[in-house]
Amino acid sequence: MSAVTARVRVEPIVDPDSAAARAVRALRVAPDQYRYVGDTAFNLGDTMRDPMSEAIAVIADDAIVGFYRLDFAPNAVVGRSLGMPSVGLRAFVIDHRQQGRGYGRMAMNACCDDLRSRHPGREVLVLTVNCINAPAISAYLNSGFIDTGELFHGGSAGPQHVMLQFLHPHTTT
């Protein structure tokens with residue numbers, strides 16, 4: 001399966017006993033990435049118990065290669081309102097055996113398309129990324145996120161950049 005030809009899409013996981021949920025539980029990150037995202041099986045279970053969250057599978061062709069959590073709580077991710085309808089992105093994982101193929105960038109594009117379709121009232125996708133996680137910072141910037149310059153200090157692995165992706169074009173008059 002090559003990222004050049006793979007079709008990447010995202011789909012909500014609604015059944016914790018589904019094949020998709022089992023495949024997500026089997027995803028792993030490299031040991032040095034674990035401190036940033038934690039255990040995928042735990043993250044899936046925690047997401048499925050939270051009525052303000054959605055568990056999302058990242059699928060390349062027909063294989064589940066990743067997972068993320070959408071958090072719709074008003075103060076999601078940064079602990080305060082952004083002054084516009086937002087959704088938080090948490091626990092983003094591409095399986096370590098699938099990294100380096102472009103799936104992360106394609107998943108972010110699919111995520112934004114999915115949000116525009118299923119949640120058109122949301123204006124911005126927000127995430128935090130650890131200040132020392134240079135590969136992730138670069139990947140998010142290359143996917144169209146902007147670094148706000150703000151640091152969030154609520155994470156267990158140290159300070160994090162606050163990054164935004166606007167979901168709808170902004171027009172100026």
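Here is a short chat about a predicted model of one protein chain.

Reader: How many helices and strands does the protein chain have?
Author: Reading along the sequence, you get β-α-α-α-β-β-β-α-β-α-β-β. Tally that secondary structure and the protein chain comes to five helices and seven strands.

Reader: What is the radius of gyration of the protein chain, set against the globule rule?
Author: The C-alpha trace spans about 45 × 35 × 35 Å along its principal axes. For 173 residues the globule rule gives 16 Å, and the protein chain comes close to that, so it is as compact as a globular protein of that length. Its radius of gyration is 15 Å.

Reader: Where do the centres of the positive and negative side chains lie, as in how many Å apart?
Author: Start with the head count: there are 16 positive and 17 negative side chains in the protein chain. Take the centre of each set, and the gap between the two is 2 Å.

Reader: Is Asn-43 buried or exposed?
Author: Asn-43 sits in helix 3, which covers residues 40–49. Buried means under 20% relative accessible area. Asn-43 has 13%, so it counts as buried.

Reader: Which residue offers a backbone oxygen to the side chain of Asn-43?
Author: Leaving out residues up to four places away in sequence, Asn-43 touches Val-37, Gly-38, Phe-67 and Ala-91. The side chain of Asn-43 reaches a backbone oxygen at 2.7 Å, and that oxygen belongs to Val-37.

Note on methods:
Residues numbered from 1 in each chain as written. Predicted model: local features only at pLDDT ≥ 70, side-chain atom pairs only at ≥ 80, totals over all residues. Heavy atoms only, no water. Helix = DSSP H or I, 4+ residues; strand = E, 2+ residues; numbered from the N terminus. Rg over C-alpha atoms; globule rule 2.2 N^0.38 Å. Lys, Arg positive; Asp, Glu negative; His and termini not counted. Charge placed at Lys NZ, Arg CZ, Asp CG, Glu CD. Buried < 20%, exposed > 50% of the residue type's maximum accessible area, 1.4 Å probe, protein only. Polar contact = N/O pair within 3.5 Å; in protein donor to acceptor, adjacent residues only side chain to side chain. Contact = heavy atoms within 4.5 Å.
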